[in-house]
Amino acid sequence: MNWNTLRDNREARLQRTRAALGNELDGKTLPSARIADLLHTVLECGDRVCLEGNNQKQADFLGHALANLNPERINNLHMLQSVLALPEHLDVFERGVASKLDFSFSGPQAVRVARLASAGKLNIGAIHTYLELFSRYFIDLPPRVCLVAAEAADRHGNLYTGPNTEDTPAIVEATAFKQGIVVVQVNRIVDTVPRVDIPGDWVDFVVQSPRPYYIEPLFTRDPAQISEIQVLMAMMAIKGVYAEYGVQRLNHGIGFDTAAIELLLPTYAESLGLRGKIGKHWALNPHPALIPAIEAGFVQSVHSFGSELGMEDYIHARPDVFAIGPDGTMRSNRAMCQAAGHYACDMFIGSTLQIDLQGNSSTATAGRISGFGGASNMGADARGRRHASPAWLKAGQQAREGRNTIPRGQKLVVQMVETFREHMQPAFVEKLDAWELMEQARMAIPPVMIYGDDVSHILTEEGIANLLMCRSDEEREQAIRGVAGYTPVGLARDKRMVENLRDRGIIQRAEDLGVDKRMATRDLLAARNMKDLARASGGLYQPPKRFRNW
């Protein structure tokens, strides 16, 4: 029996690629003009191909080249991708180069994903969480070829990924150690890289892109767009959840709701005497909205999934807070940060698009297959966790009070939503659109982002529903209806039962928490616009051009 089929296949690919490129291949480096020749020779029909498309960093040059390959030569590829962010990520399916997709999040391409899936041009293997997809790279979905991006490479192929390392180490290692082919686009080729993030003997081909790779400032939120309702909700979150449980290790989702919380830490939370008691350790990208809280001494450490444009100088100047290497720059790591968010954090708080009567939430709505990214890892009780903390223990005690079960803790998973979304779409529904999407895309299960039995609290402008304290399905349903406001779900509440839940502290309104609604104004924000954030950083934060109006 031949135990070297993968190695033999790898060597055959390398030989025909070297023959095609000839003298234009300088060691591992090739001219950007020859990228199509490289891909046509190194790829084989039906290959599993991992194209690095992260939350922020995109191997866009390689993605464009892949989408423009001749489908008569290369077709039926099985794409593995964290995020579908660019049009080229779906052009490969439109043009027939690829046919199957395993992914995590599609964001701006969600509508197109649904359309291609319905048309039969895109077969979805599964919608994963990030950590789940990375794990499968090492088990049953090892890439045969990966196309990734880095800041710089030297002549030996050693890679420097800089602050936006993100998914690159997981992708490259999974590929290289299963005899796959690693192709990298870099912003520049240098004699010596500032630090070696990925060793050159894991890398096969390097091409300097004609332009720097695309990166999205995904986590930047302009404080000028935070509403007074979001300020009120942030006040309730701080008083009713952060302070109540003494949450010190946490992850924030993306959005204006959680940005409002970050900007209330140095003001409202400070007025409550909470500095040093909440929000000390974070699994979080370098959110600009966190700058005032860092400067006020609330934040001790931040470990990041990726970086954020404009934050480079600020990160460099705060090495006690961020993970800074000897070269002076941060190194993010999405896989490790996902693991930290799952196991090392006591709370996840984020938003969603739909919540049903069991507390199941999803961002997959009618005509949109958006995926979940990391929310499902962050927003899940880590059943394998064994270390204790006060917040974890208190949540577990509330969930198991009166039950004959062995004591253990539980993660706080908070869904923070306004009762009506944009265009007056209710956030609370009797049945998730995910059921319809399951049928349309022929999925085995509905694409639920966070399962209801993991959700501990639902927070709206109406108040907080503590689902940990509910003792029956009926109580749980009425607790959700009790904070669903004037949506059809909220209007169908049992008023007497909701008042009973309020008497027991399962539902808490602002006044029950001692939150003065008259204080809920934008004046409470530590920064009211982007210029305030830049000023709070001492001029170190340089907002991207789209966020500048001065």
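This is a short tour of a predicted model, with stops at its largest pocket, two helix pairs and one loop.

**The largest pocket**

Begin by selecting F105, R221, I254, G255 and T363, which are the closest to the centre of the largest pocket among the 49 residues that line it. The space that opens around this selection amounts to about 1500 Å³. If you then colour the lining by class, you will find 20 nonpolar and 21 polar residues, together with eight that are charged.

Next, show the secondary structure around the pocket and pick out strands β12 (249-252) and β15 (347-350) along with helices α9 (256-271), α12 (334-344) and α13 (375-378), each of which supplies at least two residues of the lining. Which of these elements gives the most to the lining? It is α9, which contributes three residues.

**From the pocket to a helix pair**

Keep α12 selected, since this helix, already met as a supplier of lining residues, also packs against another helix, α6 (residues 130-137). With both helices displayed, the angle between them is about 125° and their axes lie 9 Å apart. An angle of about 125° is neither over 145 degrees nor within 65 to 115 degrees, and the two helices are therefore oblique to each other. The crossing in which α6 passes α12 is left-handed.

**A second helix pair**

Now move to helix α1 (residues 5-21) and select helix α2 (residues 35-42) with it, for these two pack at an angle of about 150° with 8 Å between their axes. Because an angle over 145 degrees counts as roughly antiparallel, α1 is described as roughly antiparallel to α2. What is the handedness of the crossing of α1 and α2? The crossing of this pair is right-handed, whereas that of α6 and α12 is left-handed.

**The loop between β18 and α15**

For the last stop, select the loop that runs between β18 (412-416) and α15 (434-440), and within it centre the view on H423. Although H423 is a residue other than glycine, its phi is positive, near 60°. M424, found in the loop between β18 and α15 as well, likewise has a positive phi, of about 60°, without being a glycine.

Are H423 and M424 buried or exposed? H423 has a relative accessible area of 71% and is exposed, and M424, with a relative accessible area of 57%, is also exposed; both assignments follow because exposed means over 50%.

How values were computed. Residues numbered from 1 in each chain as written. Predicted model: local features only at pLDDT ≥ 70, side-chain atom pairs only at ≥ 80, totals over all residues. Heavy atoms only, no water. 1 Å grid on protein atoms, 1.4 Å probe; cavity = no way out; pocket = protein on both sides within 12 Å on 5 of 7 lines; lining within 4 Å. Points joined across faces, edges and corners; volume = space filled by probe spheres on them. Helix = DSSP H or I, 4+ residues; strand = E, 2+ residues; numbered from the N terminus. Nonpolar A, V, L, I, M, F, W, Y, C, P; charged D, E, K, R; others polar. Buried < 20%, exposed > 50% of the residue type's maximum accessible area, 1.4 Å probe, protein only. Axes fitted to C-alpha atoms, helices over the stretch in contact; angles between N-to-C directions. Parallel < 35°, antiparallel > 145°, perpendicular 65-115°, else oblique. Left-handed = near helix turned anticlockwise from the far one by under 90°.
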